[in-house]
Amino acid sequence: MSQQGYVAAPPYSQSQPGIGGFGSPNSSLHYGHYGDPNSSYSAPQPGVSKSTVPFGSSAPVGPPPPGAHQFSQPSFQNGPGTPGQQPHRFQGPPPPGNTGASYPPYSPQSQPAFPNAAPASSTAQLADQLNSMQINNYGPGPTPSPGHPASFQSPRLPPPPTQQQMVLPPGPQVPPPPPTSVNGLCTQPSLPPVARQGGIPGPVPPNPNLQQLPGQPPGPGYHPQQANYGPQMAGSQLSYPGAFPGGPAQLSGPQQKKLDPNSIPSPIQVIESDKAARGGQVYATNTRGQVPPLVTTDCIIQDQGHASPRYIRCTTYCFPLTSDMAKQTRIPLAAVIQPFANVPPNETPLYLVNHGETGPIRCNRCKAYMCPFMQFIEGGRRYQCGFCNCINDVPSFFFQHLDHMGRRIDHYERPELSLGSYEYVATLDYCRDKKPPNPPAYIFMIDVSYRNIKSGLVKLICDELKTLLDKLPREEQEESSAIRVGFVTYNKVLHFFNVKSSLAQPQMMVVTDVSEVFVPLLDGFLVDFEESRSVITNLLDQIPELFADTNESETIFAPVIQAGMEALKAAERAGKLFIFHSSLPTAEAPGKLKNRDDKKLLNTDKEKTLFQPQGNCYEALARDCVANGCCVNLFLFPNQYVDVASVGLVTMYTGGTLYKYNNFQLDGDSPQFLSDLRRDMEKKMGFDATMRVRTSTGFRATEFLGAIYMNNTTDVEMAAVDCDKAVTVEFKHDDKLNEDTGALIQCALLYTTVSGQRRIRIHNIGLNCSAQLADVYRTCETDALINFFAKSAFKAILSQPLKTVRDILVNQTAHMLACYKKNCASPATVSQLILPDTMKVLPVYMNCLLKSCVLVGRAEIPTDERAFHRQLVMAMGVADTQLFFYPRLLPIHSLDVKSDAVPAAVRCSEERLSEGGAFLLANGLSMFLWLGASVSPELIQGLFNVPSFAHISTDATSLPDLDNPFSKKLKHILEQLQSQKPHTMKLIIVKQREQPEMLFRQFLVEDKSIYGGASYVDFLICIHKEISQLLS
């Protein structure tokens, strides 16, 4: 067998147009993510088949063999497999063959098959397998001394001072590290084993006579075999990374080495070293293209001409000069824009610029707004636009002389000349129908079907609204809120309430024709809360009694949104609907849904339909809502399937927020729900918003990802936008950039304030450009990259098989790192894994994304949960995706009650837990307090006020209020974690070795997942193998 190439799994072997570029097959080239013909795999050739991946197995495995996790401690064992059928996994994709001009084709020669047992020399070489690591160190942190490159390095190969290397020794004896790809995604077709010839450096064939137990991850260095195996092992306990169950007979000969988890890049170490270097300092945005502190670092941001990283973060702060360079690196060029981000009290709020009747000053040609990138010339009478270079006259009222530097004398007095972010008061030209807008309205729409009445939910909502309506958002200088409020209840029909202030009692009007919804009253429906307070309080007292005897269990849903939108439209206001809903809408009406939750679709090409809405009704409704400035907030209380993909669609497109409380229990879940409702009600936000992103010449915005609606290719429309919503924008070259002028971006957001004023919020940022690939890598930001990859993957699953999407993510990661190794790193052997300093934790974060429940189809994970997570991530900013994919794990047994400091987080792995410890884990949606079986009785007494571990109740969803320093300190930490996140995290108490621990363990993202995701160690080896293939 001396043929070259690989056997591919058919569907993915050709270049696929539009993969996640989501355009037509002939849409323009998409590098840097889905849809690039360049990024798809080359057509296969007969011959060698591709091997299995760490992700393939669904069977978790037992604890690791004894022994310290060090290089010198061998700990991999392979048990023999049983002949029989292949485990059920997916076919593997072909290798990323010729992926771009920069990589020569891969052509192995053949080589005799291995002898029956691994020779001693091969085991000895394996012993050095991933033996040192290279990470090029840039960035603000201190540079390591020559003896200690970055943070981990073995004594074997002293690399250059700023690098760390992971080495896989070359030479034919070394079996290759396990292959690519993730989540059960790529296992090989069942073919007889085939060996390759020649002395290829790097990956070499496995021993066909060594077999591996099915259902376990391959050890670093061993290909799972292409022979047939027996059935998969059963098992439900979690595995340790890289651990293997002892097989019936162990492999004869010496054991192989295990890669030490402590020797691979740690997200915690990266986060902590940035905090140490830049935490608590002032970060001034006065330099183009400077890399801000990480999103996890607390600092004070001073706007000095570029937007704060709270508003805009980029995947790289130095764009490659040409599109060819961009295609070569495959680094997506993107900005994550969070236009309403919260600013802490110690930072300056945005200034408001008012030019009266004339309105904002804009470039005549490209319509960019006046900003620090405009260059004044001819003594200040004209200015040159920084975006399109057009020369414009300065309006006479705006004229000012220039100083000896060519800068206007009033430069520092005008926010629009000296700051990166500010607001303009908009003129009537920017308003609908050229009329000033009315203040917005909030409409509360409550599902009063049988279950919600009986569970006490309706009464809970009504009681809370009585106090909450006092806290409606208002402008700082105003005494009361200008927002109007209205009330609707519904089951199979709609009930509108007249709460006009002159009435003694509220009046109810019923709309039974739900196929053509109309609003039965205008006057008295949307009212000022202060004026109608007594009537509204009366109504909220009456609603639970009014429907107390209902036995109507069917509900409608689409007509509810339609009714709210029509009411806002009739009142000529933008606004927000708060809908409290609990079941699948099965009543006869538009938007009626059927239960289509079909587990048989998982891991098939039709799985994507589970994330698409049923029918066209909800898409059309979403479009109408956006057109009328109607934002939909949905609070769901399901106890079974409700089709989140359909009912949540309008929420997603209108910039609303989706909240979900499964199996809602009044006593346990009320605090979480009420906290979410209060926070949502008080959020800073803009209504009826349109955003446009302008760029300087040479590149443009091509793709917008978020909870947004796009009517055309440039305008991002949002019925509302709040402080937590972010839009991720991808840019592509349309010409060569210029190193001197850089790459400039201006985001302009037109919106209506809570008081009904029309404003334009501007954020400007300037990035550098370079002809050196190293500059691009040196200024990358991994947290922003993961935000981009998550959103583009979660968008792609609507149109692509999940396996294709996962393959693309792995392929893309390997490409970015291979390009760096080839072009930027000092020469190294094929077997060295070299990571840029700014991307050293990209593999661990990418593995977390690949293991997320959205991208892993398993029968145990409810479809609604996957659709819910998908929808939340699409709207997240960088800080939220960072925590969501890599949770914080805090050892609270080491709390220092005397200091204000939160204990440093530890890595998310079971190895970091200890029987005598207590750990708090939070990811922005869930929060767990894990208690080791031998945790100290003092800690238990201090937190729970019970004598021992056995007395702790895991039913509690909050800690008791106790008057001791430890309890107070922990409560303070919980509040701190909570205050920064949009969703309230319900606390789940988990005791070691009890049932709920299974749920907790899914969040230990560095370990092998119980749903078949690779451990971080295995994924790193798999990425290394991909890179070696690309470069060989």
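## The chain as a whole

How much accessible surface does the chain have, and what share of this surface belongs to carbon and sulfur atoms? The total comes to about 37,000 Å², and carbon and sulfur atoms hold 51% of that. Please keep in mind that this is a predicted model.

Of the chain's 1032 residues, 62% count as buried. Its secondary structure comes to 22 helices and 36 strands. If you look at contacts with a separation of 6 or more, 77% of these link residues that lie 24 or more positions apart.

## A four-stranded open sheet

Let's turn to one of the sheets. Here four strands form an open arrangement in the order S9-S11-S29-S26, and their pairing is antiparallel. The edges are strand S9 (312-314) and strand S26 (699-705), each of which pairs on one side only. On average, neighbouring strands of the sheet are turned by 25 degrees against each other, direction ignored.

A helix joins the picture too: H14 (residues 782-796) packs on this sheet and touches S9, strand S11 (334-337), S26 and S29. The direction of H14 makes about 60 degrees with that of S26. Within the sheet, S26 and strand S29 (residues 727-733) are paired over six bridges in the antiparallel sense. To find this pairing on your screen, try Glu-703, whose bridge partner in S29 is Glu-730.

## A covered strand

Strand S23 (residues 630-636) makes a good next stop, with seven of its seven residues buried. In a regular strand, side chains alternate between the two faces of the sheet. For S23, both faces are covered. Cys-630, Val-632, Leu-634 and Leu-636 are buried on one side, while Cys-631, Asn-633 and Phe-635 are buried on the other.

S23 has a parallel partner in strand S22 (residues 575-581), and seven bridges join the two. One of the residues to look for is Phe-578, which has Asn-633 in S23 as its bridge partner. That same Asn-633 belongs to the buried residues listed above.

## A nonpolar patch at the surface

Finally, which residues make a nonpolar surface patch of about 250 Å²? They are Met-508, Val-510 and Leu-546. Val-510 sits in strand S20, which spans residues 507-511.

Why can Val-510 be part of such a patch? Patch residues need over 30% relative accessible area. Val-510 has a relative accessible area of 44%, so this partly exposed residue passes that cut-off.

Definitions and conventions: Residues numbered from 1 in each chain as written. Predicted model: local features only at pLDDT ≥ 70, side-chain atom pairs only at ≥ 80, totals over all residues. Heavy atoms only, no water. Patch = residues over 30% accessible without salt bridge, like charges linked within 9 Å, V, L, I, M, F, W, Y side chains within 5 Å. Areas by Shrake-Rupley, 256 points an atom, 1.4 Å probe, with all protein chains shown as cover. Salt bridge = Lys/Arg side-chain N within 4 Å of Asp/Glu carboxyl O. Buried < 20%, exposed > 50% of the residue type's maximum accessible area, 1.4 Å probe, protein only. Pairing = 2+ DSSP bridges. Axes fitted to C-alpha atoms, helices over the stretch in contact; angles between N-to-C directions. Contact = heavy atoms within 4.5 Å.
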